[in-house]
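Biologist: Can you pull up the model for me? I'd like to walk through a few strands and a bit of surface.

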Amino acid sequence: MSDTPSDGDVSKKKTARTFDLDSLISEARLGAQQRSTIDWTTEIEKAKESNETRLNDLKIKANNAGNTTTSKSKINFDDSDDDEGVGAGSTFHSSSKSINNDTELQSNNELKNDKQDEDDDDFGPSISLATTTDDMSDEDNPNNDEESSDDGPHFPVSHEIDLKQGTKSVSCLTLDPGGLRMITGDFNYEMKMWDFSAMDKNLRSFRTLQPCEAHQLKTIEYSPVGDMILVISGNCQAKVLDREGKQIYECVRGDMYIIDQARTKGHVAMLNSGCWNPKDLNEFMTCSNDGTIRLWSVYKRQQQITVIKTKSEQGKKVSTTACTYHNNHYSGTSNNTNLITAGCDDGSIQIWDRRRPFVNVTFLSRHAHEPNELVTSIKWSYDGINIASRSTDNTIKIWDIRNFKKCLSSRENLPNRFAMTDIAFSPDDRYLITGTSTRKKNDEEKDETNVGKLYFLNRQNLQEDICHLQVSDNASVIRTLWSPKLNQIFCTTSDGIVKIYYDPVRSRNGALSFANREPRKKKENDFFININIINPHALPLYRQDRVRNLSVIRIKQREDPVKSKRPDLPMSGAGHGGRLGAHGSTLSGYIVKNIALQKLPDQKEDPREALLKYAEISESDPYWVAPAYKQTQPKPIFQASTQAKNEGSGNEEEDEILPPWKKQKT
């Protein structure tokens, strides 16, 4: 018997291959970052030299092969007829042609492999977005030996498009991960959704919403997958919308009468910022003026998951103005993926580690910026090592998480008057972009430098001004975003404009998809008709009346007493028929008008006499009291008149007639 296993046993031992997606992504990012540090000019020269040597070797081999074939053909030509010589010549050309085809196939395969490698590296931040013009000219013209004088990086700012959001400051800006949609929000409470694949030259948004009613929008962000939208407004409750703008989640409001903020179920003060967790797709974070950072889950609607308190140097609560997670999707390091970073209004930057209790901070820079100045934005670099911060003290600083005590580099004189002014890293992680605000203008003096600009700064040295771009003459630049997927720069201004900068050669999709797209022409049959379905056997509840002539409909409405009734005219006098007067629209007004302010008639007759005039009627025709007590009631005796008696009567008789309270005291 043979010990070899059967086919059935072999199939049972086979297992499915498993892939660690996180490790593959981290390896791809790390490789991209390593390749970004390579000096491509020297690499291109080396590649050119190797290609030249390889082509020379192929030519030498082709010549050798041609010499051998020609010698054989000569021998055959001498020993054979003319027809055989022609056949030998044809074999020579065919052999040389086959060699050339082999070289072409080999070069084409190498080009395909290079292109495939470039496509594989295209996942994540691009490494070829800031290439120099020399590289492009050398690749296009390999025979050109002259060096170009332009050695600077190439930014995608050759073309621009202006989108009109409104008249007030645009405070929110976000792109979905696929780069197909954009959302903007402003101080006018409106959120606009833009679809690049459906837009044309008219530059119109496809949807406008007011998700938070009368509260200014501060932050809007797409989820890492792009299926949900986080909306942060001036309210204390954050909202989560679906991709089409329908609300699916709202945070709980906290109890403002509880002193310990950790025991409340939500925020009790105005929100400032928020963001999604790039690792847990259902978790997001918010920060507020109540001195807390709260982590929420879409599946937990009753209260937050965790509460983090931000404290000042004296141990008191301090408002949190900016917060962010670590960009673990793009970083090759796994040690910093659990960090939560926050910037406060006292100029400090505080960082916590989720693997530890949130009682004490893990990293702290108490005097990162000037005291009593807001930290408006905090961003992690794609490699997960550096942190860039922006503040209202008109500075931008970059920090190293491995040595957080002192900043690596800083840049001053960058005006900032908005609490939403942010910063962004370039896709190759070598540059920073940020916007500047305009200063308060004086009517007497005109300053040409007081304009909104977009600055491009070197990450290694922020003092080095790569270039700056004037965005607006009289408006500030608030939000900035550099998309690694599209290689396009987006920024918003304080006059309601959203600007898109792109390069037709180096950018992809986005603005390029609708910049030159003509509006769709309406066709003759491009309209809708309300089709009436005739169903004579339908129930009375669902039965629809047939559409008739308009004159017939008006005649029937005239016959209807309810529809044809003329409305009541306004009343000028006292109310009647259940209607109040013109001046007595309410019950209190009616009472004041007709009862309280009514003048009483002059009472000339004595009230006693007014009552006694009904005495004869009551005696002759008793109706109420007299018949019931007719048998038992004695004859009533009324007091005589109190008027003055005869002149001979004295004061004593008058005192006897008068009531006791009117008698004179002695």
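Modeller: Here it is; keep in mind that this is a predicted model. Start with strand E23 (residues 431-435), which is joined to strand E24 (residues 452-458) by 5 bridges. The two run antiparallel.

Biologist: Which residue is the bridge partner of threonine 434 in E24?

Modeller: Tyrosine 455.

Biologist: What is the order of the strands in that open sheet?

Modeller: E22-E23-E24-E25, so 4 strands with antiparallel pairing. Strand E22 (423-425) and strand E25 (465-472) are the edges. Each has a single partner strand, so one side of each lacks a neighbour in the sheet.

Biologist: How many degrees are neighbouring strands turned against each other?

Modeller: 20° on average, ignoring direction.

Biologist: Switching topic. Is strand E6 mostly covered or open?

Modeller: Mostly covered. Of the 6 residues in E6 (217-222), 5 are buried.

Biologist: And how does E6 pair with E7?

Modeller: In the antiparallel sense, over 5 bridges, with E7 spanning residues 228-233. Leucine 217 sits opposite serine 233 of E7.

Biologist: What about the hairpin of E6 and E7, how many residues are between the strands?

Modeller: There are 5. Glycine 226 in this hairpin takes a positive phi near 95°.

Biologist: Last one, the surface. Which residues form the nonpolar patch?

Modeller: Leu539, Leu541 and Tyr542. Together they have about 400 Å² of accessible area.

Biologist: Where is leucine 539 found, and why is it called exposed?

Modeller: It is in the loop between strand E28 (497-502) and helix H6 (550-559). Leucine 539 counts as exposed because its relative accessible area is 54%, and the cut-off is over 50%.

Technical notes
Residues are numbered from 1 along each chain as its sequence is written. This is a predicted model: local features need pLDDT of at least 70, side-chain atom pairs count only at pLDDT 80 or more; totals for chains, interfaces and linings use all residues. Side-chain values use heavy atoms; hydrogens and water are left out. Patches are made of residues with over 30% relative accessible area and no salt bridge: like charges are joined within 9 Å, nonpolar side chains (Val, Leu, Ile, Met, Phe, Trp, Tyr) within 5 Å. Accessible areas come from the Shrake-Rupley method with a 1.4 Å probe; for residues, only the protein chains shown count as cover. A salt bridge is a side-chain nitrogen of Lys or Arg within 4 Å of a carboxyl oxygen of Asp or Glu. Buried means under 20% relative accessible area, exposed over 50%, partly exposed in between (1.4 Å probe, protein chains only). Two strands pair if DSSP finds at least two bridges between them. Axes are lines fitted to C-alpha atoms, for helices over the stretch in contact, and angles run from 0 to 180 degrees between N-to-C directions.
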